[in-house]
Amino acid sequence: MLATTGAPDSEPQEIPGGPGPAVSVRAVGHSFGELVALERIDLELPAGGVLGIVGPSGCGKSTLLEIVSGLTEPDSGEISILGAAPGPDGRLARSVLMPQRDLLLPWLSALDNAALGLSLGGASRQDARERAGGDFERLGLGGFEQARPQELSGGMRQRVAFLRTLVSGKQVLLLDEPFASLDAITRAETQAWLAGVLAADSHTVLLVTHDVEEALYLSDRVAVLTPRPGRVAATIEVPSPRAPDRAAAVTSTGFVELRERALRLLAGEAA
Amino acid sequence: MRPGRRRSGARSGLRRALAPAALLVGLVAIWELAAQQGVLADLLLTDQGAGGDGDSADFLVPAPSDIAGKLWAERGLLAGDTWVTLTEVLLGFVLALAAGLALAVVIHLSETTRRAVYPLVVASQTIPIVVIAPILVVWFGFGIFPKLLIISLICFFPITVNSYDGLRSVDPDLIKMMRTLGANRLQTLRRAELPWALPFVFSGAKIAVAVAVIGAVFAEWAGADSGLGHLILVSSGELSTALSFAAILVLAAIAICLFALLALLERRIVTWKENPAG
């Protein structure tokens with residue numbers, strides 16, 4: 001519903017005019033004590049674009065997203081979101097991070113959990129519920145609006161968390177393995193649904209995943225990171241992302257070739 | 001589904017209550033028998049070297065039936081004193097709850113305040129209430145105020161410490177999630193940290209309400225003209241042991257009822273957690 005109607009008040013923040021990337025990450029490095037997690041990461045993402053980030057476990061993907069979101073300050077480098085001044089507050093205000101764990105509040109219903117970002121932003125309870133509830137059916141959550149999180153399956157909880165992120169009103173979505181706990185079929189359906197949402201509105205998305213197919217299907221560009229310390233090994237341009245017919249798209253010759261290239265990069269082979 | 005579950009819950013609750021009830025009945029029965037035979041009084045008198053002449057020492061160890069009789073015969077007196085003590089306990093507890101919660105929030109929000117205040121909070125628990133109670137009576141008189149202070153002083157500690165531990169134990173990832181969704185410090189506190197800490201607050205409150213009754217007795221002993229603590233003091237002075245025991249019984253009943261009330265309230269409010277311990 002959000003994808004098709006898009007009432008004016010449910011639109012995300014205005015994108016400031018003028019050229020320049022919506023998200024720019026310059027020479028960002030970060031360490032945890034002796035351990036160098038990220039080493040000089042450079043990324044750029046235009047407004048409305050989707051950048052996939054794939055990499056082996058422990059390459060600092062989640063750390064990178066936390067840094068971009070403003071929750072963590074990097075040891076070195078600069079991040080800018082929609083022209084915000086450096087410093088975490090501007091990034092926090094313009095982006096929202098969907099962590100790997102769903103972190104639903106057990107004392108709220110599924111609907112109120114999904115509406116949490118809206119109500120924190122000052123929307124009335126009624127208004128927040130209406131706007132968040134519109135997509136419940138679409139995400140296979142219909143009829144579970146009043147259920148408590150502990151009554152939902154892991155996959156359903158993750159979809160509620162995803163909805164909470166999507167309707168939070170922030171322009172830049174930072175998704176950390178958003179569909180990790182879904183089964184293969186639901187996962188494919190949810191990817192196709194997200195592709196529709198992204199095609200219809202102007203969200204800018206940074207998508208961290210370990211699933212190469214997911215990254216290549218949803219993203220305009222995919223950055224492949226090296227194992228620790230994380231560096232960008234290569235960036236793959238995807239010619240026609242988010243095709244409506246997902247099954248056809250991910251089995252086309254071009255897609256399979258891109259996939260092979262990405263997998264070889266991940267395995268550490270030069271491409 | 002709900003009523004069925006509740007009914008089976010009630011049945012298993014009854015079964016659970018069977019063992020402690022049987023033990024209690026057994027102990028009371030032995031006590032009754034021993035008291036009627038004068039065994040206990042004889043033992044006590046022999047210990048004090050006063051010789052055992054059973055019958056004349058009934059007042060020393062009243063039988064449960066004597067206590068029950070007193071409970072009924074003096075019900076007017078007991079009701080009046082119960083009301084006085086119950087008022088003190090409730091007001092003192094509420095005062096401690098408000099102050100304890102507020103302090104827990106403040107020391108949770110401010111590291112500096114925590115470092116400054118927390119040692120004092122712990123130190124306040126080392127003050128012997130028995131010693132400070134008469135002083136407070138000297139300062140503030142025989143009214144209810146010094147009693148509320150003493151009860152609050154006793155209740156304050158478990159409430160503050162438990163609430164603070166609850167606020168502190170919030171999953172750090174949850175705080176991050178609130179921040180990224182745009183919550184400010186106050187919103188995070190109100191929407192995530194306080195609900196999270198609620199079961200901890202209840203734990204503290206349940207401990208506090210049980211000790212509040214002891215606090216009330218100390219406070220009344222230090223200076224009062226009514227209340228169950230005052231009644232115990234007076235009746236034991238008159239060697240009316242049965243009445244003392246009756247007052248103690250009512251005090252215990254107050255503590256148990258308030259504790260059960262809090263447990264019930266907790267089960268009603270904290271619906272997202274299973275409470276197997278009830």
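This is a short talk on one predicted model, going from a whole chain to single residues.

Let's start with chain B. How many helices and strands does chain B have? It has eleven helices and zero strands. Read chain B from the N terminus and you meet α elements one after another, with nothing else in the run.

Now the size of the chain and its surface. Chain B has 278 residues, and 39% of them count as buried. The chain exposes about 15,400 Å². Carbon and sulfur atoms supply 69% of that area.

Next, contacts within chain B. Take the contacts with a separation of 6 or more. Of these, 74% are between residues 24 or more positions apart. Keep that in mind when you look along the sequence.

On to the cysteines. How many disulfides does a search of the whole structure find? Zero, over all chains. Look at Cys155(B). The closest cysteine sulfur belongs to Cys257(B), and it is 17 Å away, so the two are too far apart for a bond. A disulfide here needs the sulfurs within 2.5 Å. Cys257(B) is likewise in no disulfide. As for cover, Cys155(B) is buried, with a relative accessible area of 0%.

Staying in chain B, turn to Ile154(B). This residue sits in helix H7, which covers residues 145-168. Is Ile154(B) buried or exposed? Ile154(B) counts as buried, because its relative accessibility is 13% and the cut-off for buried is under 20%. Leave out residues up to four places away in sequence, and Ile154(B) touches Gln125(B), Ile129(B), Val211(B) and Gly215(B). Here is a pair to find on screen: Ile154(B) and Val209(B). They are 55 residues apart along the chain, yet their C-alpha atoms are separated by 9.5 Å.

Now a cavity. The structure holds one cavity of 30 Å³ or more. Its volume is about 30 Å³. Which residues line the largest cavity? From chain A come Leu97(A), Met98(A), Pro99(A), Ala161(A), Arg164(A) and Thr165(A). From chain B come Met177(B) and Leu181(B). By type, the lining has six nonpolar residues, one polar and one charged. Two elements of chain A each supply at least two of the lining residues: strand E5 (95-98) and helix H6 (154-166). H6(A) gives the most, with three residues.

That takes us into chain A. First stop, Phe136(A). It lies in the loop between helix H5 (125-133) and H6. Phe136(A) is buried, with a relative accessible area of 0%. Its contacts, again without residues up to four places away, include Ala110(A), Leu111(A), Ala114(A) and Leu163(A). Phe144(A) and Glu145(A) are also among them. Measure off one more pair on screen: the C-alpha atoms of Phe136(A) and Leu116(A), 20 residues apart along the chain, are separated by 15 Å.

Last stop, Phe32(A). This one is in strand E1, residues 23-32 of chain A. How much relative accessible area does Phe32(A) have? The value is 45%, so Phe32(A) is partly exposed. Beyond residues up to four places away in sequence, Phe32(A) touches Ala37(A) and Thr63(A). Then there is Val250(A), 218 residues from Phe32(A) along the chain. The C-alpha atoms of those two are separated by 38 Å.

To close, two phenylalanines in chain A to compare on your own screen. Phe136(A) is buried, whereas Phe32(A) is partly exposed.

Terms used:
Residues numbered from 1 in each chain as written. Chains lettered and ligands numbered in written order. Predicted model: local features only at pLDDT ≥ 70, side-chain atom pairs only at ≥ 80, totals over all residues. Heavy atoms only, no water. Helix = DSSP H or I, 4+ residues; strand = E, 2+ residues; numbered from the N terminus. Buried < 20%, exposed > 50% of the residue type's maximum accessible area, 1.4 Å probe, protein only. Contact = heavy atoms within 4.5 Å. Areas by Shrake-Rupley, 256 points an atom, 1.4 Å probe, with all protein chains shown as cover. 1 Å grid on protein atoms, 1.4 Å probe; cavity = no way out; pocket = protein on both sides within 12 Å on 5 of 7 lines; lining within 4 Å. Points joined across faces, edges and corners; volume = space filled by probe spheres on them. Nonpolar A, V, L, I, M, F, W, Y, C, P; charged D, E, K, R; others polar.
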